[in-house]
Structure formats: C-alpha cells, structure tokens
Amino acid sequence: MGDFNVALVIVAAVVSVLVLLVSVYLLVNYQHPDDANQAWFPKLVVVLGITVAVLSILMLPADVANRQACKRAVYSGACALTLPMKTLWLVVYIIDAVLVFLVIPFAMFYYEGDRDKSVGKRLKSALIWVVASAVVCGLILGILYALIGKVDFTVRHLSSSVQAFPNPNQFSAFTSGQPCIAPLTRQCSANTAPANSQTTWTMRATFPEYVVALATIVGSVLFTIFGGVGIACLPLSLIFSFVRRPKAVITRSQYIKEATELGKKAKELKKAAEALHQEERSGNKGRKWRKNVKAVEKELLLLENDMNALEEMYPQGEKAEATWAFTVLAYIGKLIFGIVGLIVSIAWVAHIIIYLLVDPPLSSFLNEIFIKLDSVWGLLGTAAFAFFCFYLLIAVIAGEMMLGLKLVFITIHPMKWGGTLMNSFLFNVGLILLCSISVIQFCATAFAYYAQATAAQEIFGHTLQSLRGIKYLYKYNVFQYGFVALAILTLFYYALFGWRKRKPTGRFQLSN
C-alpha cells in the first residue's frame, strides 16, 4: 500500500509538469502575431491560470484515487504518504480567487491601457483600479464573514444510559432482532429518538473555506448561464456547421463578387473604428460609445468568419485540391465530434434530472458507469470522470461565445488559433478559473456516490451546502434547475433557427 501511495505522488508531480507544458503550448499557438515577443506579464498570467484551472479539474479524480489508496490500508500509518488533498484544495482555490479578482484584472487593465502612455503610467493606472477593487472586495468579504460566516449543520441529539460492555463471549447474542446491549430494548436510540431531538449545530467556517464558498457562488451563476447554454450549443453548433457547409467550390466570378462585398464592409468597419478611436481620444466614452464598440467588435468577428468561409469555398494555390479535401474532412470531423458531444450532453442532462432533481434519485447512472469502468481498468473510470468535467468547462466557453454574439451587454472574446489577443486570452482564462470552482462543486454533487469520502466532498458537499445564507441555493437545487432549463431553451432555439444560414447584415452604421 505504501508503494501505491508513493506512485500516486509521483504521478501527481509528472502530471503537473505536463499540464504546465500544455499551457505554454496553447499560449504559443493561440497568441496573435501582434503579441509576439511582448506582453510577457499577461502571458505569464495566462500560463499560470490555465495550469491552475486544469489542475483543479484533475484534482477531483486525484482525490478519488487518493481515497482509494487509503481504502485498502491494512495497518496503521499506511496512508502517511498520500496527498494532503484538503490542504491542496484550499491552496489551489485561494490561488484561483487571487488570480480571478486581482492578478487577471491588473493584467487586463495594463494590457488595454493607452499605448501612448509610458509604462509607469499604465502600471499606476492598473494598480489603482486593482487596489480599489481589492479594498471593496476585502471589506465585503470581511463584513459577510463576521456577520454570517457560520455553518449550520442539522444533527440529531441522542443520549442513552451507560452499561458495562459485554465480554467477548457475549458477542454472539447480538442479532438483527437484538442489536443493542439492553435486553429489553429491540431498537437503538437512533430509531427511538423523538422528532424534537433534531437540532442545529452551528460552528464558524474557516476564512479560506468562506472565500472559496463565495467564489463558488459567483462562479455558479456564470456556470449556470454559460454552461446551460453551452451544453446544448456546443454539439449542435458543430452538427449545424456540417449542415451549412459549402457543398462545392464556387467559380472565380462568384469569388470576386463576394470578395468585393466583403471589401466594402471592411472599409465601413475601418471608418467606424477610426471614428470611435477619435471619440476615445477626446474622452467621450459614454454608454453610446461602448455600445458602438460592441457593435464594431461583433461585425468584425462576423466579417472574419465570412472571409474564412469564402476562402474555404474557393481554395487557391498549387494545392487547391488538397486544401478542399482537408476542408471536407474538417467538416466530417465536426459532425463526428458534434454527435459525440451531443451524446455526452444528453448524458449530462439526463444524469442531472434522474440523480439530482428527482428525490429520491431514480438511479446513480453515471456514478455506476464510472465505478464499472474502474473495475475494468483502474484509471478508466477516472479518465471518463475527468472527461465529463472538462466537457463542462468547454461548454462554458461555447456558451459565452454564443451569448456574446446575441446579447449587447456581454463582451466578445473569441479564441482563435494563431489570432487571439492577450485581453481575450486573459478574459477567457479568468472565466475558466471562476467557473472551474463551480464545475468541481457541481461534479462533486452530481457524482457524490463515485466521489464519496473525499476531501472535495468535505469542502463542497458538507461545508458549502450548510453555509448560512447560501445553503438554500443548494437545498432547492436552484443552479441545477437553471442549468437544465437553459439547456432545453437553447435546444429549442437551435431546432428553430440553427439550421438557417446567417444572412448579410447590410450596411453597417453606428448608432446616434
């Protein structure tokens, strides 16, 4: 058993290094060419944020493996070399909260600062904003923790008289009909206790646990909205992308006509962007200005998508035929991944309904599947469990992108291979970090049977769901109902409008 625990520690260290390398790989390949060899501090924050987010997701499977390492302990001290999961959970999520509420905002303020200003002035401006935000957040946290930072556990008060313990020869007297010591009592105190024996046991939560709990609430709101929309739009967008795919290569005359129209649209957007830049320099950055900036960003993103679609329909160069063949294969890949994603999304929604929303649960469903996969091969169930958790995070990003295109008050931050600016990188990493806490809490609840007796269960399954002022959100499954409702609404939306091709928006004009 000791050897198994040592192996678990070694695997955790190796996986951490691999995650760091993958984070650097994603940064290098997704970054925009304009950010090459500069913006080093935002890049460092991005790598650290991705690493923390991925490790936080992998920690729940590691927590399960850690519990299984101790499960078979046959001698005292056999679990001395296991990972200190509760401490690790708190450390990771405190780092998560610091990154989301302090470091990432500072990096975004600095990156988006006026480039005409000196580095010192940009640092000073970003620092003022972050310090002001930190003071406000600190005051709110301190006041809330002082007033309602307590945990209310519902317990049953039991008491009984004390009797001499029987000698070893008397153990045979205990049966299912006589489970207790007293010979005249057929039931133990737990069964005979009156209803008024139930009471509330109150204790103060630790401050780190309280910070994690409040961050989880904020993340749960975003996760419910973006995740509920994304769990449906992620697979359906891939499937309908295949449905709306270009069926054949267009002619050269058609290409020239479409390219001319896109060129006119690009000139309009350039004039609009220059006008907005002039307004920004003059200090006129009111509500109308922000609305127009949002409109320009949306139109620019749609224009880029139209340009990419046009290039797909008319491949050029010596390898035009090979390019078209790869385009066809890419759409087939989208269809395959869309179908697989649709199966996973249906499994998620079905599991939430039959295991979380129905009381008592109809079945443990995915919990049983993971346990059976573990019996086939030790890490198979753990890998499937991690995949379902990661899928939720990807759904959050898909939901944010869809709502960003539809709603005015949500900023668009697209992630593109070789074309992602650092502010978009920072925004999406912050969103992933904030929602990763909620994803872990959501998974710890949804897979409570599989992840039972873990440190995550202690933090997210007991303390969080008993925290004063917050527990009712979990008692009545508010987030789960919202998640399922938004998933169903998104499904109907795609059924009605998802198969249609987007029509040109016409001449673009700024609002007056």
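In this predicted model, the axes of helix 7 (residues 252–281) and helix 8 (residues 287–313) come within 10 Å of each other and cross at roughly 155°. Because angles over 145 degrees count as roughly antiparallel, helix 7 is roughly antiparallel to helix 8. The crossing of this pair, helix 7 with helix 8, is left-handed. On the helix 7 side, the contact is made by Tyr255, Glu258, Ala259, Leu262, Lys265, Ala266, Leu269, Ala272, Leu276, Glu279 and Glu280. Their partners in helix 8 are Trp289, Asn292, Val293, Val296, Glu299, Leu300, Leu303, Asp306, Met307, Leu310 and Glu311. Sorted by class, the contact of helix 7 with helix 8 holds 14 nonpolar residues, 1 polar residue and 7 charged residues.

It helps to set this pair within the whole chain. The secondary structure comprises 15 helices and 2 strands. Of the 512 residues in the chain, 41% are buried. Among contacts between residues at least 6 apart in sequence, 81% join residues that are at least 24 apart.

A second helix pair is formed by helix 3 (residues 85–111) and helix 6 (residues 207–243), which pack at an angle of about 55° with their axes 10 Å apart. This angle makes helix 3 oblique to helix 6. The crossing of helix 3 and helix 6 is left-handed. Helix 3 contributes Lys86, Leu90, Tyr93, Ile94, Ala97 and Phe101 to the contact, and helix 6 contributes Pro208, Glu209, Val211, Val212 and Ala215. The residues of this contact between helix 3 and helix 6 comprise 9 nonpolar and 2 charged ones, with no polar residue.

Helix 9 and helix 12 provide a third example, with axes that come within 10 Å and cross at roughly 55°. Helix 9 is therefore oblique to helix 12. Here Trp348, His351, Ile352, Tyr355 and Leu356 of helix 9 meet Phe442, Cys443, Thr445 and Ala446 of helix 12. The contact of helix 9 with helix 12 is made up of 7 nonpolar and 2 polar residues, with no charged residue.

Helix 12, which spans residues 422–446, also contains Phe427. With a relative accessible area of 26%, Phe427 is partly exposed. The C-alpha atom of Phe427 is separated by 8.7 Å from that of Pro105, although the two residues are 322 residues apart along the chain. Another long-range pairing involves Val46, a residue of helix 2 (residues 40–71). Val46 has 0% relative accessibility and so counts as buried. From C-alpha to C-alpha, Val46 and Gly430 are 8.8 Å apart in space, while in sequence they are 384 residues apart. Neighbours within four places in sequence aside, Val46 is in contact with Leu27, Met422, Phe425, Leu426 and Val429.

Helix 10 (residues 366–376) shows how burial can be arranged around a helix. Its buried residues include Leu366, Asn367, Phe370 and Asp374. These four cover an arc of only 110° around the axis, and therefore they lie on the same side of helix 10. An α-helix has 3.6 residues a turn, so residues three or four places apart point the same way. The face of helix 10 turned away from its buried side carries Lys372, Ser375 and Val376, which are exposed.

Two loop residues stand out for their backbone geometry. Most residues other than glycine have a negative phi. Phe365, however, has a positive phi near 45° without being a glycine. Phe365 is placed in the loop between helix 9 (320–357) and helix 10, and its relative accessible area of 27% makes it partly exposed. Asn477, likewise not a glycine, has a positive phi of about 55°. The loop between helix 14 (471–475) and helix 15 (478–498) is where Asn477 lies. Because residues under 20% relative accessible area count as buried, Asn477, at 17% relative accessibility, is classed as buried.

Terms used
Residues numbered from 1 in each chain as written. Predicted model: local features only at pLDDT ≥ 70, side-chain atom pairs only at ≥ 80, totals over all residues. Heavy atoms only, no water. Axes fitted to C-alpha atoms, helices over the stretch in contact; angles between N-to-C directions. Parallel < 35°, antiparallel > 145°, perpendicular 65-115°, else oblique. Left-handed = near helix turned anticlockwise from the far one by under 90°. Contact = heavy atoms within 4.5 Å. Nonpolar A, V, L, I, M, F, W, Y, C, P; charged D, E, K, R; others polar. Buried < 20%, exposed > 50% of the residue type's maximum accessible area, 1.4 Å probe, protein only. Arc of directions from axis to C-beta.
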